[in-house]
Amino acid sequence: MTETNIFRAGFCAIIGAPNAGKSTLTNRLVGAKVAIVTHKVQTTRFPVRGVMQTGDTQVVIVDTPGIFAAKRRLDRAMVKAAWGGAEDADCIVHLIDASAWVAEAEGKVSGAQRHSLEDDRRVISQLKEAGKRAILALNKIDLFPHDRVLPVMATLSAEGVYDEIFMISAEKGDSVDKLEAAIAARMPEGPALYPPDQVADLPMRILASEVTREKLMLRLHQELPYQLTVETESWEEHENGSVRIQQVIIVGRDSHKAMVLGKGGSLIKEIGKQARADLTQMLDRPVHLFLFVKVDERWQERRESYSGIGLEFDV
Ligand SMILES: Nc1nc2c(ncn2[C@@H]2O[C@H](COP(=O)(O)OP(=O)(O)O)[C@@H](O)[C@H]2O)c(=O)[nH]1
Ligand SMILES: [Mg+2]
């Protein structure tokens, strides 16, 4: 029923500071897990496209890495890709974690919130510079009563870059339907861009690496999660319907390798179990997952580490 009925189709980029909830919102709009989510900043490393279908409209949601003051090469590449995701979009949603702004309005900002506010202001000034307008979505409003957000709405509205403002909870779903309708209304007329049953535009090998990286990010601490990457080395489909996936976790130091393995290999075993459970569900068939750890001190300085996931190296 869906395919022939699509009369509008286009792209919508979700941009914002790290941890605003962009990947959570993307998954909710798409109705499936296409992007990984953790409580840590800079989880998303490259734009991930998910397909949302609503009525006669198909929207390709582009989840982007967080926008922040980047110094390391990988960080710079991530921020560049985030703006790249917004460049050709038919609609930009600037997603903001409302809690930092509410805290500021009420005079009690934490260190992490100060960063997030700086990043939000950086996005606003870059929108102005580029002469772009956006939909503002104030996220995480499940954390406080709406009336505490009203002064924040007034402040942000005065910036003059937003056409519409929504208060949402990407996690709980509050008002996401209204945001969805506003996004759909901005799509140009045209045929579907993707088949109706496709939810993600990411090679399965990369999606599978991302699932493992999500589990690693959730279990490892401090700098370590940012110093590693996961690559899918082989993917074999078997006749009995199962799939054998082999991945390598690349770390920068021997000490990191020991931490990823855990005592007697206990941590990597646990990571493998969790990733396999997700993959089995996502692929809807039995998965055999094999994880290895490799030390490569210079992986962040290698061009292939970037091109493989669609990031630019020379930024
Ligand atoms: N309370 C609350 N937490 C949220 C909401 N949306 C996202 N989060 C949490 O914020 C953190 C960052 O989410 P994520 O989607 O990875 O943010 P991203 O870095 O912008 O992609 C995660 O711990 C989410 O569970 C929300 O609406 N309410
Ligand atoms: Mg993300």
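## Around ligand 1

Let's start with ligand 1 in this predicted model. There are 17 residues around ligand 1, and the ones that come nearest are Gly21, Lys22, Thr24, Asp142 and Glu171. What kinds of residues make up this shell: nonpolar, polar or charged? The split is four nonpolar, nine polar and four charged. If you're wondering which part of the chain gives the largest share, look at helix 1, residues 22–30, which supplies three residues.

Now zoom in on some of the contacts. Thr24 reaches ligand 1 with its side chain: one of its polar side-chain atoms sits 2.6 Å from an oxygen atom of the ligand. Gly21 uses its backbone instead, with an N or O atom 2.9 Å from a ligand oxygen. Thr38 also offers a backbone N or O atom, this time 3.4 Å from an oxygen atom of ligand 1. How much of ligand 1 does the protein cover? On its own, ligand 1 has 590 Å² of accessible area, and the protein covers 89% of that.

## The magnesium ion

Ligand 2 is a magnesium ion. Which protein atoms act as its donors? They are OG of Ser23 and OG1 of Thr44, and they lie 2.0 to 2.2 Å from the ion. Ser23 belongs to helix 1, while Thr44 is in the loop between helix 1 and strand 2 (48–54), so this pair ties together parts of the chain that are 21 residues apart in sequence.

Are these two residues buried or exposed? Ser23 counts as buried because its relative accessibility is 8%, under the 20% cut-off. Thr44 is buried as well, with a relative accessible area of 10%.

## Strand 5 and its neighbours

Next, find strand 5, which covers residues 134–139. Six of its six residues are buried. Here's a handy rule for picturing that: in a regular strand, side chains alternate between the two faces of the sheet. In strand 5, one side has Ala134, Leu136 and Leu138, the other has Ile135, Ala137 and Asn139, and all of these are buried, so both faces are covered.

Which strands pair with strand 5? One partner is strand 4 (residues 91–97), which runs parallel to strand 5 and is joined to it by five bridges. Within this pairing, Ile96 has Leu138 of strand 5 as its bridge partner. Strand 6 (residues 162–167) also runs parallel to strand 5, again with five bridges. There, Leu136 is matched with Ile165 of strand 6.

## Strand 8 and its neighbours

Strand 8, residues 243–251, is another mostly covered strand, with seven of its nine residues buried. Strand 7 (residues 229–237) pairs with strand 8 in the antiparallel sense, over eight bridges. The two form a hairpin with five residues between them, and Gly241 in the turn has a positive phi of about 95°.

How do strand 8 and strand 9 run, parallel or antiparallel? They run parallel, and nine bridges join strand 8 to strand 9 (residues 287–295). Val248 is a good residue to click on here. It is the bridge partner of Glu231, and Val248 also stands opposite Phe292 in strand 9.

## A few residues in loops

Most residues other than glycine have a negative phi. Two residues here go the other way. Ser175 has a positive phi, near 60°, and sits in the loop between strand 6 and helix 6 (176–185). Gln222 isn't a glycine either, yet its phi is positive at about 50°. You'll find Gln222 in the loop between helix 7 (204–219) and strand 7.

How covered are they: buried, partly exposed or exposed? Ser175 is partly exposed, with a relative accessible area of 22%. Gln222 counts as exposed because its relative accessibility is 71%, over the 50% cut-off.

Finally, take a look at Phe144, in the loop between strand 5 and helix 5 (150–157). Although Phe144 is in a loop, it counts as buried, at 11% relative accessibility. Phe144 and Val102 are 42 residues apart in sequence, and their C-alpha atoms are 9.1 Å apart in space.

Note on methods: Residues are numbered from 1 along each chain as its sequence is written. Chains are lettered from A and ligands numbered from 1 in the order in which they are written. This is a predicted model: local features need pLDDT of at least 70, side-chain atom pairs count only at pLDDT 80 or more; totals for chains, interfaces and linings use all residues. Side-chain values use heavy atoms; hydrogens and water are left out. A residue is near a molecule or strand if one of its heavy atoms lies within 4 Å of it. A polar contact is a pair of N or O atoms within 3.5 Å; within protein, one must be able to donate a hydrogen and the other to accept it, and residues adjacent in sequence count only if both atoms are side-chain atoms. Accessible areas come from the Shrake-Rupley method with a 1.4 Å probe; for residues, only the protein chains shown count as cover. Helices (H or I, at least four residues) and strands (E, at least two) are DSSP runs, numbered from the N terminus. Ala, Val, Leu, Ile, Met, Phe, Trp, Tyr, Cys and Pro count as nonpolar, Asp, Glu, Lys and Arg as charged, and the others, Gly among them, as polar. Buried means under 20% relative accessible area, exposed over 50%, partly exposed in between (1.4 Å probe, protein chains only). Two strands pair if DSSP finds at least two bridges between them. Donors are N, O and S atoms within 2.8 Å of the metal (3.2 Å for Na, K and Ca); water is not among the atoms, so sites may look incomplete.
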